[in-house]
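Q: I have not seen this one before. Can you walk me through it?
A: Yes, here it is.

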Amino acid sequence: MTSRGYEDSALPPIVRELVVPVGPTEAFDLFTAKIGDWWPPAFTASGDALAAVVLESRVGGRIYERARDGAEHGWGEVGIWELSARVALSWTHGLRTPGATLVDVSFTPDGSATDVRLEHSGWHADQTADHARFAADGGWTAVLESYRSRAS
């Protein structure tokens, strides 16, 4: 994992930026420790049977969902953990083609608010359809709107 994306990415990164009306510590905590409170069930393998989304708070920690029947679906692994500032994840969730990508999220103070920047990179040449789905308004834009709503 590089400091910002994979250097051999075949497709451009998807970048989404938003401002949330809380400080960086709270914004980071909501995105990581409380991800299950805001992640839309429609964007999981479990759907309406979703019980939890878990992001383990350490380098090497897993990110996964758990259904009410106990079934788990892995989403990726934490590669960078900078408390209140940045988290980067190897990412396989929602990909229909093999190969992990990188989701890198930074939290920058802006007065009493926080600028949140998500960059999804490391796309392989055969992931064009996956890239298009995540780049569409119904992809990261919709997921992050749920995050923003929870932060407000």
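**Core and surroundings**

Q: Let's start with Phe-31: which residues does Phe-31 touch, leaving out those up to four places away in sequence?
A: Phe-31 touches Trp-38, Leu-55, Val-87, Val-105, Phe-107, Leu-118, Leu-144 and Tyr-147. Contact here means heavy atoms within 4.5 Å.

Q: And what sort of model is this?
A: This is a predicted model, where local features need pLDDT of at least 70, side-chain atom pairs count only at pLDDT 80 or more, and totals for chains, interfaces and linings use all residues. Residues are numbered from 1 along each chain as its sequence is written, and side-chain values use heavy atoms, with hydrogens and water left out.

Q: Back to Phe-31. Which residues have the most contacts inside the largest nonpolar core?
A: They are Phe-31, Trp-39, Trp-91, Phe-107, Trp-140 and Tyr-147, in a core of 34 residues. Helix H4, residues 137–151, gives the most to this core, with 5 residues. A nonpolar core is a set of buried Ala, Val, Leu, Ile, Met, Phe, Trp, Tyr and Cys residues joined through side-chain atoms within 4.5 Å. Buried means under 20% relative accessible area, exposed means over 50%, and partly exposed is in between, using a 1.4 Å probe and protein chains only.

Q: Why would such side chains sit together?
A: In soluble globular proteins, nonpolar side chains tend to be buried together.

Q: Phe-107 is on that list too. Is Phe-107 buried or exposed?
A: Phe-107 counts as buried because its relative accessibility is 3%. Phe-107 is in strand S6, which covers residues 101–110. Beyond four places in sequence, the contacts of Phe-107 include Pro-24, Ala-27, Phe-28, Phe-31, Ser-84 and Tyr-147. Its C-alpha atom is 9.8 Å from that of Glu-82, 25 residues away along the chain.

Q: What about Thr-101, where is that found?
A: Thr-101 is also in strand S6. Thr-101 is buried, with a relative accessible area of 0%. Thr-101 and Thr-114 are 13 residues apart in sequence, and their C-alpha atoms are 25 Å apart.

Q: Ser-84 came up as a contact of Phe-107. Where is Ser-84 found?
A: Ser-84 is in the loop between strand S4 (72–82) and strand S5 (86–91). With 19% relative accessibility, Ser-84 counts as buried. Its phi is near 65°, a positive value in a residue other than glycine.

Q: What sign does phi have in most residues other than glycine?
A: Most residues other than glycine have a negative phi.

Q: Switching to Gly-74: buried or exposed?
A: Gly-74 counts as exposed, at 58% relative accessibility. Gly-74 is in strand S4, and touches Ile-63, Tyr-64 and Thr-92, not counting residues up to four places away in sequence. From Gly-74 to Val-87 the C-alpha separation is 17 Å, with their positions 13 residues apart along the chain.

Q: And Phe-43, where is its place?
A: Phe-43 is in the loop between helix H2 (35–38) and strand S2 (50–55). Phe-43 counts as partly exposed because its relative accessibility is 29%. Outside four places in sequence, Phe-43 touches Trp-75, His-93, Gly-138, Gly-139, Ala-142 and Val-143.

Q: Now the whole chain. How many helices and strands does the protein have?
A: There are 4 helices and 7 strands, in the order β-α-α-β-β-β-β-β-β-α-α along the sequence. Helices (H or I, at least four residues) and strands (E, at least two) are DSSP runs, numbered from the N terminus.

Q: What is its radius of gyration?
A: The protein has 15 Å, which agrees with the value near 15 Å for a compact globule of 152 residues. That radius is taken over C-alpha atoms, and the globule rule is 2.2 Å times the number of residues to the power 0.38. The C-alpha atoms fill a box of roughly 40 × 40 × 30 Å along the principal axes.

Q: How much of the protein is buried?
A: Buried residues make up 44% of the 152 residues.
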